[in-house]
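Look over the sequence and the structure below. The report then takes the chains, the ligand shells and a few selected sites in turn.

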Amino acid sequence: MELDRRAFLKSVVIAGALEPAAGARASVGEARPAAADAMGVLVDVTKCNGCRRCEAACRAANGFDALSEESLKDRSVLAQLRQPGAADYTVVNEITAALPAAEGRSVYVKRNCLHCVDPACVSACLVGALRKQPQGAVTYDAAKCMGCRYCMVVCPFQMPAYEYENVLTPQVRKCGFCTGQAQATNDDAPACVRACPKECLTYARRSELLHRAHTRITEQPESYVDHVYGEHEVGGTSWLYLSGVPFDLLGFPTLGTAAPPRLSEAVQHGVFSHFMPPVAWCAILGLTMWLTRSDRGESAPPESPGPVVHDDGFVNRLPERGKSHEFDGECVGASERQ
Amino acid sequence: MSSMESVWAPRSGSSSRHAATALLAGLAAVGVAAGLYRFGLGLKASTNLDHFYPWGLWIVADVSFIALAAGGFVTAAVVHVLHRERYHFLVRPALLTAMLGYTFACLLLAADLGRYYNIWHPILPHMWQGNSALFEVGMCVMTYLVVLYLEFVPIFCQRFVSDRRHPRLSRLCAGVDRIASRCMSFIIVLGVGISCLHQSSLGHIFVLAPTKLHPLWWTPILSLLFLLSAVMTGLPTVILVCLLAGRSFRKPAPMRALGEVAKYLPVVLSIYLAIKVGDLLLRGALVHLMQLSLPSLMLLVELVGGVLGPLILLALPRVRRSPGWLGFAALLVMLGVVINRANVYWIGFQPVGAPHRYVPSLAEWAFTAGMVAALVLLWRLEAARFSIIGWRSDRVTSWLPILLLCRSSRVGAAVAVACKPQRRGRSPCALSV
Ligand code: SF4
Ligand code: SF4
């Protein structure tokens, strides 16, 4: 009896000690990057004419199939609403139908991962394959990825794409903000920004971009709606948009200002705060188990071979050779108590 | 008890049972073929998953398997933590169900992962990402799988412990059994603890996608709802499993004890219902129920058919006394939870700008159905090999054969066999799974 009690207490202690392994580091919140210091891109939708040079430059920079001059001239592709995919990190869409008739012309919108300030995809990735870099980029490490696609589920903009057709080594594909190409080109602006002939894209510190954006809105209130998309959406994004028409008409989702990871991580870290709640829970379970135990039925297992009656009343006998196992276990104790 | 149960099909002459076995085996074979297809040709060829719907039927089946396997930890809590030893006969069927449920959930998950060979990555400390609900799920499911297999060790050992022809094996098993029983209380507490954690985390996964999950389901307390619904479906699953196993092995499950267990279910069901409806009211999400749409319809099916219906049924003593009705009510609860998981992970998932809805492909259905069939077959195989079914049947008064998979043409014989005087074991049920 004494032994049992000791074994029991020990088990509770070990349960408490091991439990953290299940959610280790859960209580260590990752520091959010300082948004003001990080780089970003301001996209002035009003200046874009849909030449798709950014698409071509992106493909070249990332080693995808190149876009030829002819295909750039073929503007029919603009008409379909495309989503960045596994082989094109950025696409330009032409929006016509959704606009009010008075607008009279098309609007071209470049779409790619917005490199959220507090990205849901990074919070989601269970192996840290997606990371928020201090300079703003959200990068992907295929070697860590297990292909669960949780990042795709949570991205509010549906930006990560997946190589479903790749049988063995599929990757999550999304814009990586041209990280790692700065040294090669001596200019750390992303390839698309450098390729844009219309100065539609501006690469600078996010804080400065916000300042510039608001200045443009104040200076030309007739050209812009008073909204910098990405300033507050889902806690802010590194890519910011200025437009002459309301953003929902351009297919931008209407999102709240809270970063989704704040709520979900607050709940999770609440549940795991310093592993106290899980440990306490196991301790309560263990204590209940110990306090309500009955001292009956703690007989030692019989040492002799032969039909063995086990602790729990199962009777085991030798199955005869050549026959399939016979049903011979029965828990007498269970019904006897009723 | 001299019924010579063969493993696959007991007794000659019960052709309907042969047919059921053949059907399940056929399904399992098709499932294996679909699995080979997926691993051979990739996700694109085998599934209808796309850019907007990265999760599909396999993930739904995954989380459903895990929810239905909750019986393992619920019975462990009832019998071992709260010491309601009257219900000890539930523990082993529940354990086997949970063990197979989690094993098959892992199989389905492996099929769904693009890089299944990296499935173990969450173990590596330098990849730990404690902010992710999925990380928590991954760690807990892996640990719990080990816990379940450890809990099975005594059952496994007991089969060989009295084997006089292999004294070494017998001694080894006795030793292992002794060690296992020493640690069992720790293992059980750990199992119950981490089950609560990951069952809730499975819901918490979607708290991170507030803009993509339909407001009828998205709520910050999704984790609480998932935990409660797992608890609520745990016992009904075990009840149905016992009823079916009793039928299949011609050893009818003890209705008196099952009815007693079922008495608690209306309480759990109403707590869940109250919290779910209260949450809808507080968030003002009930307006979405008024619009007639697929999500609102599915929510009604989930709540009325899967919670309210069985709640009313199980509150009636007549239902709890009849195996057929009890089985039916239990099945309703199970289906309700499966529909709930499907609603959250599939129907309620609404990405902006998706050109069309996701509908599972043939291979996805085939693989899922095949895995379910394989699970049922394996359950029966192991139940025949090991001492899983340990109850003594009481007299069966009525049996309405509603929606039951295994039909037997010899109920009378089964009852007669079951009611025969039993051999007496001497010790009552103690702490051992
Ligand atoms: S836009 Fe999507 S993929 Fe890009 S950082 Fe934000 S959440 Fe991640
Ligand atoms: S698919 Fe890869 S990158 Fe995305 S969440 Fe899963 S492991 Fe992380």
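## Surface and burial

Accessible areas here come from the Shrake-Rupley method with a 1.4 Å probe. The model is predicted. On that basis chain B exposes about 15700 Å². Carbon and sulfur atoms supply 72% of the exposed area of chain B. Chain A exposes about 14700 Å², with 56% of it from carbon and sulfur atoms.

A residue counts as buried under 20% relative accessible area. Chain A has 338 residues, and 52% of them count as buried. Chain B has 433 residues, with 62% counted as buried.

## Folds of the two chains

Chain A holds eleven helices and eleven strands. Chain B comes to 15 helices and zero strands.

Sequence range of contacts can be read for each chain. Take contacts between residues at least 6 apart in sequence. In chain A, 59% of these join residues at least 24 apart. In chain B, the figure for residues at least 24 apart is 81%.

## Ligand shells in chain A

Which residues surround ligand 1? The cysteines are Cys113(A), Cys116(A), Cys121(A) and Cys155(A). The prolines are Pro119(A), Pro156(A) and Pro160(A). Leu114(A), His115(A), Val138(A), Phe157(A) and Lys174(A) complete the list. By class, this shell has ten nonpolar residues, one polar and one charged.

Ligand 2 has Cys125(A), Cys145(A), Cys148(A) and Cys151(A) around it. Val127(A), Ala129(A), Leu130(A), Tyr140(A), Met146(A) and Val172(A) also belong to its surroundings. So do Gly147(A) and Arg149(A). The shell of ligand 2 divides into ten nonpolar residues, one polar and one charged.

## Two loop residues with positive phi

Most residues other than glycine have a negative phi. Arg149(A), from the shell of ligand 2, has a phi near 65°, a positive value in a residue other than glycine. Its loop runs between strand S5 (138-140) and helix H5 (150-154) of chain A. Is Arg149(A) buried or exposed? Arg149(A) counts as buried because its relative accessibility is 1%.

His83(B) is not a glycine either, yet its phi is positive, at about 55°. The residue sits in the loop between helix H3 (71-81) and helix H4 (91-112) of chain B. With a relative accessible area of 15%, His83(B) is buried.

## Helix H10 of chain A

Helix H10 of chain A covers residues 276-291. Its 16 residues should span 22 Å at 1.5 Å a residue. The end C-alpha atoms are 22 Å apart, so the span agrees with expectation.

Pro278(A), Cys282(A), Leu285(A), Gly286(A) and Met289(A) are the buried residues of H10(A). They cover an arc of only 95° around the axis, and therefore lie on the same side of H10(A). Met276(A) and Leu291(A) are exposed on the other side.

## Helix H2 of chain B

Helix H2 of chain B has twelve residues, 57-68. From first C-alpha to last it reaches 16 Å, close to the 16 Å expected at 1.5 Å a residue.

How many residues of H2(B) are buried? Twelve of the twelve are, so the helix is largely enclosed by the rest of the structure. The buried residues include Trp58(B), Phe65(B), Asp62(B) and Ser64(B).

## Two buried leucines in chain A

Leu67(A) occupies the loop between helix H2 (53-62) and helix H3 (69-73) of chain A. At 18% relative accessibility, under the 20% limit, Leu67(A) counts as buried. Leu67(A) and Ala56(A) are eleven residues apart in sequence. In space their C-alpha atoms are 5.3 Å apart. Beyond residues up to four places away in sequence, Leu67(A) touches Arg52(A), Glu55(A), Ala56(A), Arg59(A) and Leu72(A).

Leu201(A) lies in strand S8 of chain A, residues 201-205. It counts as buried at 9% relative accessibility. Leaving out residues up to four places away in sequence, Leu201(A) touches Val41(A), Leu42(A), Val43(A) and Lys110(A). Cys192(A), Val193(A), Cys196(A) and Trp239(A) are also touched by Leu201(A). Met289(A), one of the buried residues of H10(A), is 88 residues from Leu201(A) in sequence. The two are 65 Å apart in space, C-alpha to C-alpha.

Technical notes. Residues are numbered from 1 along each chain as its sequence is written. Chains are lettered from A and ligands numbered from 1 in the order in which they are written. This is a predicted model: local features need pLDDT of at least 70, side-chain atom pairs count only at pLDDT 80 or more; totals for chains, interfaces and linings use all residues. Side-chain values use heavy atoms; hydrogens and water are left out. A residue is near a molecule or strand if one of its heavy atoms lies within 4 Å of it. Ala, Val, Leu, Ile, Met, Phe, Trp, Tyr, Cys and Pro count as nonpolar, Asp, Glu, Lys and Arg as charged, and the others, Gly among them, as polar. Helices (H or I, at least four residues) and strands (E, at least two) are DSSP runs, numbered from the N terminus. Buried means under 20% relative accessible area, exposed over 50%, partly exposed in between (1.4 Å probe, protein chains only). Contact means heavy atoms within 4.5 Å. The expected span of a helix is 1.5 Å times one less than its number of residues. The arc is that of the directions from the helix axis to the C-beta atoms.
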